[in-house]
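Work through the exercises below with the sequence and the 3D structure open. Try each task before you read its solution.

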Amino acid sequence: MSVIDELKLPPLPEPLPRPVVDNHTHFPSTQRFSGLSAKDSLDLASTVGVTRAIDVGVDLESSREAIALALTDPRVVASVALHPNHAAHVFEQKGHDELNAQLLQIPALAAFKVVRSIGETGLDHFRTRSGDGRRAQVHSFLSHIKVARELDLTLMIHDRDAHQEILDVLDSTTTPERVVMHCFSGDADFARECVARGYWISLPGVVTFGTAEPLRLAAREVPLDKLLVETDAPYLTPKPQRGKPNAPYLLPHTVRFVADLLEVDLAAFCDQLVSNTFDAYGGPWGEDA
């Protein structure tokens, strides 16, 4: 019995004609959510053309787990950070000193060579609604920006219901050379603002949803060399598997959808996505390194 059948997961999609990268995934969460181990997830993804991934930390524990995986599997690089909602939670439950104590550990984690990015960091006005919690998020965000800038790492941004506030924080300081808007959720105007600043736009499976026309309009505003794709697994599973557990092996659904949306050749689009990923995250890894 295959691992897909054993865990009752969505079937493998048709393989892509060329390799691509999952720009944002959470292997520990995927294993907790669906039972799919990181190795099995990566092996399944490789069979359909998703040959590399970025494992993203949301707190100190998951950041360390991402580093450990990247040190043992060349298909993976790591991103480390305190998620904005985690930062707010730490501040509200344990206070400013504990938040700062955790933030002070990020530079040491980021020093590992397998770490390519600081993130996901940013602002979340959907789950964090209190003024104190939001101020803690800004404090955390600025701290992460500083680390990314000083270590010349990519800044990976989480933005939920905080588009203008995200730009306000970024415009108030000196940003690193490479900034990625993870799980982009803005409209066409916001996409143009991000592109004007040189940021990469990473599209999740949400772009396939029937309600996501504003996101599809935004995608059309992004130059091809600034587009990325991601799963954000185990969340945001693309159609036709929406509502089921997500994993990197399901990324081809999103890649095909976006290629059709933009009316570009699928194989050429895959190659473009890989080139964009290496530009956004400081060069190749795995078999091309």
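Ser 79 is buried, with a relative accessible area of 0%; buried means under 20% relative accessible area, exposed over 50%, and partly exposed in between (1.4 Å probe, protein chains only). The model is predicted, so local features need pLDDT of at least 70 and side-chain atom pairs count only at pLDDT 80 or more, while totals for chains, interfaces and linings use all residues. Residues are numbered from 1 along each chain as its sequence is written, and side-chain values use heavy atoms, with hydrogens and water left out.

**Exercise 1. Describe the surroundings of Ser 79.**

Step 1. Place the residue: Ser 79 belongs to strand β3. Helices (H or I, at least four residues) and strands (E, at least two) are DSSP runs, numbered from the N terminus.

Step 2. List the contacts, where contact means heavy atoms within 4.5 Å. Not counting residues up to four places away in sequence, Ser 79 touches Ile 54, Asp 55, Val 56, Gly 57, Ser 63, Ala 66, Ser 117, Ile 118, Gly 119 and Met 156.

Step 3. Look at one of these pairs in sequence and in space. Ser 79 and Ala 66 are 13 residues apart in sequence, and their C-alpha atoms are 7.1 Å apart.

Step 4. Find the polar partners. A polar contact is a pair of N or O atoms within 3.5 Å; within protein, one must be able to donate a hydrogen and the other to accept it, and residues adjacent in sequence count only if both atoms are side-chain atoms. The side chain of Ser 79 has such a contact with the side chain of Ser 117 (3.0 Å), and a polar atom of the Ser 79 side chain lies 2.9 Å from the backbone oxygen of Gly 119.

**Exercise 2. Work out the order of the strands in the open sheet, and what stands at its edges.**

Step 1. Two strands pair if DSSP finds at least two bridges between them. The open sheet has eight strands in the order β1-β2-β3-β4-β5-β6-β7-β8, with parallel pairing.

Step 2. β1 (20-25) and β8 (227-229) each have a single partner strand, so one side of each is left without a neighbour in the sheet.

Step 3. On average, neighbouring strands of this sheet are turned by 30 degrees against each other, direction ignored. Axes are lines fitted to C-alpha atoms, for helices over the stretch in contact, and angles run from 0 to 180 degrees between N-to-C directions.

Step 4. Check two of the pairs. β2 and β3 pair in the parallel sense over four bridges, and Asp 55 has Ala 78 in β3 as its bridge partner. Two bridges join β6 to β7, and Met 181 has Ile 201 in β7 as its bridge partner.

Step 5. Add a helix: α12 packs on the sheet and touches β1, β2, β7 (200-203) and β8. The direction of α12 makes about 110 degrees with that of β1.

**Exercise 3. Are the faces of β7 covered or bare?**

Step 1. In a regular strand the side chains alternate between the two faces of the sheet.

Step 2. On one side of β7, Trp 200 and Ser 202 are buried; on the other, Ile 201 and Leu 203 are buried. Both faces of β7 are therefore covered.

**Exercise 4. Which residues of α3 are buried, and what covers them?**

Step 1. Helix α3 (residues 38-47) has Ala 38, Ser 41, Leu 42, Leu 44 and Ala 45 buried.

Step 2. Seen down the axis of α3, these residues fall within an arc of 165 degrees, so they line one face of the helix. The arc is that of the directions from the helix axis to the C-beta atoms.

Step 3. The cover includes α1 (3-7), α2 (27-34), β2 (50-56), α4 (60-72) and β3 (76-80).

Step 4. Just after α3, Gly 49 takes a positive phi of about 100 degrees.

**Exercise 5. Account for the setting of Arg 178.**

Step 1. Arg 178 is in the loop between α9 (163-171) and β6 (179-181).

Step 2. Its relative accessibility is 12%, so Arg 178 counts as buried.

Step 3. The Arg 178 side chain reaches the backbone oxygen of Asp 152 at 2.8 Å, and makes a polar contact with the side chain of Thr 154 (3.1 Å).

Step 4. Leaving aside neighbours within four places in sequence, the contacts of Arg 178 include Leu 153, Leu 155, Trp 200 and Tyr 281.
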